Amino acid sequence: MDFPFYHQHDSMDCGPACLQMIAKFYGKMHSLQTLREYCYANRNGVTLLGISDAAERIGFRAMGIKTDFSKLANKVILPCIVHWKQDHFVVVYKIKIHKSGSKPKGTVYVSDPAFGRLKYSIEEFCDGWLSSVDKGKEKGMVLMLAPSIHFYDKGINDETKKQSILFFLNYLRPHKKMFVQIVLGMLLGLVFQLIFPFLTQSMIDVGVLNNNLNFIILILVTQLILSTSQLSVGFIQSWIFTHINTRINVALISDFIFKLLKLPIRFFDSKKTGDIMQRIGDHSRIESFLTSSSLATFFSLFNFFVFGIILAIYNMQILIIFVIGHSIYMGWIFLFLRVRRQLDFKRFEKAAKNQSNIIQIIEGAQEIKLNNCENKVRCKWEKIQAELFEVTVKGVSIDQVQSGGAFFISQTLNIILSVIAAKEVIEGRMTLGMMMSLSYIIGQLRGPIENMIGFIHAYQDAKISLERLGEVHFQANEDQITEDDITELEPKDHNIRIEGLNFSYLGPKLTPVLSDINLVIPQNKVTAIVGASGSGKTTLIKLLMGNYLPDKGRIKIGHLDLNHINPRFWRSKCGIVMQEGYLFSESVAENIAIGDDDIDKERLYNAAITANIHDFIEELPSGYNTVIGKEGSGISQGQKQRILIARAVYKNPDFIFFDEATNSLDANNESEIMRNMERFFEGRTVVVVAHRLSTVQNADQIVVLDKGKIVEIGNHQELLNQKGYYYTLVKNQLNLSE
């Protein structure tokens, strides 16, 4: 079957057409017009980033990389999209290589939306694809695409999908060819297994009883050849299974992380690190069930059916007793499923608690030692281990009872079947060879029973894991919560209007953190928010950023409701520094220009100078390339805050939100930064939260909060003249005299 091909309508459609081909290859059809809109195509065509965004929107996992031909041929999943001759996109769907001399020779198969399906030699392809040199290697741009679970979503209600593990079967679709190979291998293995009992019977009844040594040797050599063949098939199956398992496991976790990062920020406020890490571990159980458990059980049942027919031909009485005995055996196993389920949830809870505790110990080691609380921390950890041990012991006890009962039933059944078979031989209704062959057949029938029990356990484990993962996978994305998807603000109105806003973290029925907030934050002005700790300042900032939805009232940007604005678009317009910002284990430059792959050095240096951190960075061992964060060079809290300020400045936003952005700075640094920031604030809408009133006294508007309510609004001098709440704050902080 040829790779799908769709012709581009005009030159700007090459990217959407490539995406259309790959979507069709995986079994899904999208119109070119739809994909063009998703790619944000314009008169200049599309970018690789635009194609990537469109691909993710229709359910692909997309990753753009710059690589050489060797990695393209050996490591990149095909089909993929490549940037061709710097102004076009084509699909590479197959690469055939045969070594000839020092350089590899071969053929690259391309589906070009402008010209059709084409074949290039490696040299011709590289000539059109390679565009840059990095570390001595010529490289070109590639967009790797792989279908995520949502690619095959056909509009089925999520509530329906929650009820069934079948939701995850879509992960098997990209590997259909490999599963066909495994199925063929299993069928071949079944043929080998069917031959063995007849060989055994012939060896005893013909070779042994007739003293025919040559015949016995022939049978044994045949068995050796069959065993070797079976072992070879098993090796190939094992390799294919490993390949599939690895890819599916990566796809499962990749989709989980991708989904996780699409959830609203407020989702992470209620989740501990250990809980999320345990959920990542749950994917291995689903992957195991989807691949080895399901397929092995299917063929075990097929084997059971085939060998059951053979056993019925040999002796129907033995087959009936076998079925009855193993029905009792299965019933005994089923009795323990409910208890296993309860223990699994307990084990998950304790393991998540343990993981969170370990992370806390590692990250807080310095504070633990500074406060001499090692013994207390160790005792807490030991208590968690004791709880884990208790759950484990209960699990072992239940397994022992289950295994003991199963062993008793199995051995009793074996004795009964052996007695019946021996009786049949003694009475002449069965030969000795048939009896030995019968033992082999019964052994082949027991295997599927054990596989079925393993399948039931794997299904139960996977179903439990699915319930836990459903909390993430079936959670609404933040852009799904948004009522509309506005991606453009009114150019002349950047005023922020807060109307009748009430909010509580624990629900509208409880005491609100913010109550009846009515406020206009004027565009291109600096608005400062002050108040005592717990007055709601940080909460108001989080609401302005869209992290939470108001319980009552609304926030408007110009005349647009914030709930109607695409969250990603809104954040792209905002520069934000929170009280506890995060630095990644990356270079200083990458921490500042966190959203850019290609860092603008002029903007980078300007941002660092504005945040008064440039001189410090230059003194680091590798300057802007010095790795900082938890795994890099240690820096002070004040230096961290200045890097976070530089990050916000580098973004060059229209709106700026600073929440205690300078609270760890000394007076000199704060003064210098505020002078720099005053210039940067020009032409931008700014909201600053600060405890230090010296930081906000030059603001155009100061909003005073107390217990979640606005008590005063005005500029510094106006509020001092009122001698109200703000005056008291200033007096206490600056020791003003009456």
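Which exposed residues does the face of α20 turned away from its buried side carry? That face carries K601 and E602, where exposed means over 50% relative accessible area and buried under 20% (1.4 Å probe, protein chains only). The model is predicted, with local features needing pLDDT of at least 70 and side-chain atom pairs counting only at pLDDT 80 or more, while totals for chains, interfaces and linings use all residues. Residues are numbered from 1 along each chain as its sequence is written, and side-chain values use heavy atoms, leaving out hydrogens and water.

**Helix α20**
- The buried residues of α20, a helix spanning residues 601-610 (a DSSP run of H or I, at least four residues, numbered from the N terminus), are L604, A607, A608 and T610.
- Seen down the helix axis, these buried residues fall within an arc of 160°, so they line one face of α20; the arc is that of the directions from the axis to the C-beta atoms.
- Their cover includes α19 (588-592), α21 (614-619), α22 (637-650) and α23 (667-681).

**Ends of α20**
- At the N-terminal end, D600 acts as a cap, with a side-chain oxygen 3.1 Å from the backbone nitrogen of E602.
- N612, which follows α20, has a positive phi, near 55°.

**Cavity lining**
- Among the residues that line the largest cavity (a set of points on a 1 Å grid over the protein atoms alone where a 1.4 Å probe fits but cannot get out; lining residues have an atom within 4 Å of a point) are F658, M674, F681 and V688.
- The elements giving two or more residues to this lining are α23 and β15 (685-689), a strand being a DSSP run of E, at least two residues.

Notes:
Contact = heavy atoms within 4.5 Å. Polar contact = N/O pair within 3.5 Å; in protein donor to acceptor, adjacent residues only side chain to side chain. 1 Å grid on protein atoms, 1.4 Å probe; cavity = no way out; pocket = protein on both sides within 12 Å on 5 of 7 lines; lining within 4 Å.
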